[in-house]
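Thanks for coming, everyone. Let me put the chain up and walk you through the fold.

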Amino acid sequence: MTGFDITGTSAPWVVFVPQGAAEIRRQLAGLEAKGGQVHHFDSRELMTEQGIHRSFAQVLQFPDYFGQNWDALVDCLDDLCGAVTSGVGIAGVVHDVDRLLEAEHFRLFVSVLCQAADRANSAVDLDGFPLDRPAIAEHFVLEFREFDREKVALRVGQPDLTVITGDGFVAAALNPKEWR
């Protein structure tokens, strides 16, 4: 299993894997060894858009002014505080994603995670000006109990994302033709 590095600041941003994948465990440990943090999410709490906003705000300590919408989620994920990232980075691990795969908001959720991570992993703002912080490693791992690579790739695929498949994983990043 290769083709992604959740310890660094390069795409892909969202990785879909079978539960307990050894490569993911190794990379999560590597991120923590660098000083980064791993945050866990229960997919049962992400079955609605409101549940996603509530869960992410709680786990990642969003500010009180978090707007509870998709754009605000991108903004808050892009601007995570040092207490959450240790100034190094984060990996958000969503467990038992099988139940989310057919949710109406699943594709949008994946796109939002990619948008936020694309911004967080950059040292420049949307206009190309340097930020007052270094790039922060930010990736999301979605774990499946029953992993069907082709089914996941089909469900994740959409024009604004580039989806790649490899031995035992599917990964997504923003499609540069749509976003640049």
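**The sheet and what packs on it**

Start with strand 1 and strand 4, residues 137-144: they pair in the parallel sense, over 5 bridges. One facing pair here is Phe16 with Leu142 of strand 4. Another is Val17, which stands opposite Glu143 of strand 4. Before I go on, keep in mind that this is a predicted model.

Strand 1 has a partner on strand 6 too. Strand 6 covers residues 169-174, and 3 bridges join it to strand 1, with the two running antiparallel. In that pairing Val15 stands opposite Ala171.

How covered is strand 1? It spans residues 14-18, and 4 of its 5 residues are buried. In a regular strand, side chains alternate between the two faces of the sheet.

Now step back to the whole sheet. It is open, with 6 strands in the order 2-3-4-1-6-5, and the pairing is mixed. Which strands stand at the edges? Strand 2, at 37-42, and strand 5, at 161-166. Each has a single partner strand, so one side of each is left without a neighbour in the sheet. On average, neighbouring strands are turned by 20° against each other, direction ignored.

Helix 1, residues 22-33, packs on this sheet. Helix 1 touches strand 1, strand 2, strand 3 and strand 4. The direction of helix 1 makes about 145° with that of strand 3.

**The cores**

Next, the inside. In soluble globular proteins, nonpolar side chains tend to be buried together. Here the largest nonpolar core has 44 residues. Which residues have the most contacts inside it? Phe16, Phe56 and Phe62. Several elements supply at least two core residues each, including strand 1, helix 2 (49-59), strand 3 (89-95) and strand 6. Helix 5 gives the largest share, with 8 residues.

There is another core, apart from that one, with 14 residues. Among them are Ile6, Val15, Val38 and Val93.

Back to Phe62 for a moment. What does Phe62 touch, leaving aside neighbours within four places in sequence? Phe56, Ala57, Leu73, Cys76, Leu77 and Leu80.

Three of those contacts bring us to helix 3: Leu73, Cys76 and Leu77 are among its buried residues. Helix 3 is mostly covered, with 7 of its 9 residues buried. The others on the buried list are Trp70, Ala72, Val74 and Asp78. What do the buried residues of helix 3 pack against? Helix 2, helix 5 and strand 4.

**Helix 5 against helix 6**

Helix 5 runs over 106-120 and helix 6 over 149-156. How do they meet? Their axes are 9 Å apart, and they pack at an angle of about 80°. The two helices are therefore roughly perpendicular to each other. Helix 5 brings Phe106, Arg107 and Val110 to the contact. Helix 6 brings Leu154, Arg155 and Val156. By class, that contact has 4 nonpolar residues, 2 charged and no polar.

**Single residues to look at**

First up, His105. You will find His105 in the loop between strand 3 and helix 5. Is it buried or exposed? His105 counts as buried, because its relative accessibility is 8% and the cut-off for buried is under 20%. Not counting residues up to four places away in sequence, His105 touches Leu46, Met47, Thr48, Glu49, Ile52, Trp70 and Leu100.

Next, Asp96. Asp96 is also in the loop between strand 3 and helix 5. Its phi is near 55°, a positive value in a residue other than glycine. At 16% relative accessibility, Asp96 counts as buried.

Now Gln61, in the loop between helix 2 and helix 3. Gln61 has a phi near 55°, again positive in a residue other than glycine. Its relative accessibility is 48%, so Gln61 counts as partly exposed.

Last one, back towards the start of the chain. Where is the cis peptide bond I want you to see? It joins Ala11 and Pro12, with omega about 10°. Pro12 lies in the segment before strand 1.

That is the tour. Over to you for questions.

Note on methods: Residues numbered from 1 in each chain as written. Predicted model: local features only at pLDDT ≥ 70, side-chain atom pairs only at ≥ 80, totals over all residues. Heavy atoms only, no water. Buried < 20%, exposed > 50% of the residue type's maximum accessible area, 1.4 Å probe, protein only. Helix = DSSP H or I, 4+ residues; strand = E, 2+ residues; numbered from the N terminus. Pairing = 2+ DSSP bridges. Core = buried A, V, L, I, M, F, W, Y, C linked by side-chain atoms within 4.5 Å. Contact = heavy atoms within 4.5 Å. Axes fitted to C-alpha atoms, helices over the stretch in contact; angles between N-to-C directions. Parallel < 35°, antiparallel > 145°, perpendicular 65-115°, else oblique. Nonpolar A, V, L, I, M, F, W, Y, C, P; charged D, E, K, R; others polar.
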